[in-house]
Amino acid sequence: MNVNPHPRAAQKRRTRKAIVDAAIALLARGETPTVNDVAAAADVSRRTVYLYFPSFDQLLLDATVGALAQASVDRAIEQASDDGEARMEHLVRALHHVSPEIEKLGRSLIKLTVDGEPPAEGMPRRGYRRVEWIESALSPLRDRLDPKRWNRLVGALAMVIGWEALIVQRDVCGLGAAEGEALSLWAANALVRAALEDERDAGAP
């Protein structure tokens, strides 16, 4: 379930994913795609591409970061089997174990997002991949949380892991890589446990 309450949010995430996946596939073939190439591969219009990505550079950067990170993050999550808390821990560690080159790309992606026009309501500028990873990691816990608490937990976790959290750890708190990873793990574990405790308290007689 998406953290965004907009009724068409899930469809928008699928469309955005299709556009990025198309760009990734074209880049993987060694091509330098154009907007028309990506639109055709994703089966959408040029207008739709620019609706989701105000600049083509942002799309290509998003696709590059995704291509470099997706496989390793997916493997890390699946290694933890059906333990939701362990899967979340693996996700946090995987997102911290990125090369300096990928971190630089992540910072550039944030800059392009921040410099762009504010998004339309119900139209996230980026982050669908992070939300999907969080939902995948937490999937064993989904039946234990009502929809409202599930959405709140996914949204809260999206704030404490990922590029923004890493930048705060480095630039604001002055933490090293190991310290930042430990802080993200502590925050993620605290949020998961708090959500489960809230659910138990709500069901208590």
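Start by selecting A67, which you will find in helix α4. This is a predicted model, so treat the tour as a walk through computed coordinates. With a relative accessibility of 46%, A67 falls in the partly exposed class, because that class covers values between 20% and 50%. Now add V20 to the selection: 47 residues separate A67 from V20 in sequence, yet their C-alpha atoms lie 9.5 Å apart.

**The whole chain**

Zoom out and colour by secondary structure. You should see ten helices and zero strands. Of the 205 residues, 42% count as buried. Take contacts between residues at least 6 apart in sequence: 70% of them join residues at least 24 apart. Switch on the surface, too: the protein exposes about 10,900 Å², and carbon and sulfur atoms supply 55% of that area.

**Helix α10**

Next, select residues 177–203, which form helix α10. Its 27 residues reach 39 Å from the first C-alpha to the last, close to the 39 Å expected at 1.5 Å a residue. Which residues of α10 are buried? Show G180, E181, S184, L185, A187, A188, N189, V192, A195 and L196 as sticks. Several spacings in that list may look familiar. An α-helix has 3.6 residues a turn, so residues three or four places apart point the same way. To see what the buried residues of α10 pack against, display α5 (84–96), α7 (128–138), α8 (147–160) and α9 (163–172).

**The nonpolar cores**

Stay with V192, and add M88, L91, I134, L138 and L157: these are the residues with the most contacts inside the largest nonpolar core, which has 26 residues. The elements giving two or more residues to this core are α4 (56–78), α5, α7, α8 and α10. Apart from this core lies another, of 17 residues, including V35, V38, V49 and Y52.

Return to I134 and bring up its surroundings. Leaving out residues up to four places away in sequence, I134 touches M88, L91, V154, L157, A158 and I161.

**A buried arginine**

For the last stop, select R87 in helix α5. Is R87 buried or exposed? Its relative accessible area is 5%, so R87 counts as buried. What does its side chain reach? Look for the backbone oxygen of A137, at 3.1 Å. Then expand the selection to the contacts of R87 beyond four places in sequence: I77, E78, A80, S81, D82, S136, A137, S139 and P140.

Technical notes. Residues are numbered from 1 along each chain as its sequence is written. This is a predicted model: local features need pLDDT of at least 70, side-chain atom pairs count only at pLDDT 80 or more; totals for chains, interfaces and linings use all residues. Side-chain values use heavy atoms; hydrogens and water are left out. Helices (H or I, at least four residues) and strands (E, at least two) are DSSP runs, numbered from the N terminus. The expected span of a helix is 1.5 Å times one less than its number of residues. Buried means under 20% relative accessible area, exposed over 50%, partly exposed in between (1.4 Å probe, protein chains only). Contact means heavy atoms within 4.5 Å. A polar contact is a pair of N or O atoms within 3.5 Å; within protein, one must be able to donate a hydrogen and the other to accept it, and residues adjacent in sequence count only if both atoms are side-chain atoms. A nonpolar core is a set of buried Ala, Val, Leu, Ile, Met, Phe, Trp, Tyr and Cys residues joined through side-chain atoms within 4.5 Å. Accessible areas come from the Shrake-Rupley method with a 1.4 Å probe; for residues, only the protein chains shown count as cover.
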